[in-house]
Amino acid sequence: RVLLEDLNLALGGGRPQKRLLVVGSSGVGKSSVLRAIAGLWNNGAGEVQRPPAHSMLFLPQKPYMPLGDLRTQLLYPMDGTLGDDDDGRLREVLATFGLGDLPDR
């Protein structure tokens, strides 16, 4: 089902920083729209232009985790589970955040 069609939305940059609160009834697609804006949704068609990732923050009501193993979770939204990173590099990143034991659980 189509959630949005021909939508153009622009938030001005600069100071003070602009914020957007998305509200609506349960099931209308708020989370789907935010996933598309964040680059986590790869279904559908269209173009989303956004500022660099380091200048955005998305806070979900519930964490979004795709189905799959730990490698799939860490590399999401890349297609497949192989990616360009080897297991050693992924373990280093986990250790940086105090999660080095996670792969062995």
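## Exercises on a predicted three-helix chain

Arg91 and Asp104 form a salt bridge (a side-chain nitrogen of Lys or Arg within 4 Å of a carboxyl oxygen of Asp or Glu), and their closest N and O atoms are 3.4 Å apart. Because Arg91 lies in helix H3 and Asp104 in the segment after H3, this pair ties together parts that are 13 residues apart in sequence. The exercises below use a predicted model, in which local features need pLDDT of at least 70 and side-chain atom pairs count only at pLDDT 80 or more, while totals for chains, interfaces and linings use all residues. Residues are numbered from 1 along each chain as its sequence is written, and side-chain values use heavy atoms, with hydrogens and water left out.

### Exercise 1. The chain as a whole

Task: state how many helices and strands the chain has, and how confident the prediction is.

Solution.

Step 1. Helices (H or I, at least four residues) and strands (E, at least two) are DSSP runs, numbered from the N terminus. The chain has three helices and zero strands, which gives the pattern α-α-α along the sequence.

Step 2. Confidence is given as pLDDT, the predictor's value for each residue, from 0 to 100. The chain has a mean pLDDT of 79, and 87% of its residues reach 70 or more. Among the elements, H3 has the highest mean (89) and H1 the lowest (81).

Step 3. Burial is judged by relative accessible area: buried is under 20%, exposed is over 50%, and partly exposed is in between (1.4 Å probe, protein chains only). Of the 105 residues, 9% count as buried.

Step 4. The exposed area of the chain is about 9,200 Å², of which carbon and sulfur atoms supply 54%. Such areas come from the Shrake-Rupley method with a 1.4 Å probe; for residues, only the protein chains shown count as cover.

Step 5. A contact means heavy atoms within 4.5 Å. Of the contacts in the chain with a separation of 6 or more, 27% are between residues 24 or more positions apart.

### Exercise 2. Salt bridges

Task: give the number of salt bridges in the structure, and describe the partners of Glu92 and Asp101.

Solution.

Step 1. Four salt bridges are present. Side chains of opposite charge can pair when their charged atoms come close.

Step 2. Glu92 pairs with Arg89, with 3.3 Å between the closest N and O atoms. The two residues are three apart in helix H3 (residues 87-96), and therefore about one helical turn separates them. Glu92 is partly exposed at 47%, and Arg89 is partly exposed at 42%.

Step 3. Asp101 pairs with Arg105, the closest N and O atoms being 3.2 Å apart. Asp101 is partly exposed at 42%, whereas Arg105 is exposed at 72%.

Step 4. Return to the opening pair: Arg91 is partly exposed at 37%, and Asp104 is exposed at 60%.

### Exercise 3. Leu74 and Pro66

Task: is Pro66 buried or exposed, and which residues do Pro66 and Leu74 touch?

Solution.

Step 1. Pro66 sits in the loop between H1 and H2. Its relative accessibility is 14%, so Pro66 counts as buried.

Step 2. Outside the neighbours within four places in sequence, Pro66 contacts Gln73 and Tyr76. The C-alpha atoms of Pro66 and Tyr76 are 7.7 Å apart, with their positions 10 residues apart in sequence.

Step 3. Leu74 belongs to helix H2 (residues 70-75) and is partly exposed at 36%. Not counting residues up to four places away in sequence, Leu74 touches Leu90 and Leu94. From Leu74 to Val93 the C-alpha distance is 9.7 Å, and the two are 19 residues apart in sequence.

### Exercise 4. A nonpolar patch

Task: which residues make the nonpolar surface patch, and where is Leu9 found?

Solution.

Step 1. Patches are made of residues with over 30% relative accessible area and no salt bridge; like charges are joined within 9 Å, and nonpolar side chains (Val, Leu, Ile, Met, Phe, Trp, Tyr) within 5 Å.

Step 2. The patch covers about 700 Å² and consists of Leu4, Leu7, Leu9, Leu11, Leu20, Val22, Leu34 and Phe58.

Step 3. Leu9 is in the segment before helix H1 (30-38). With 54% relative accessibility, Leu9 counts as exposed.
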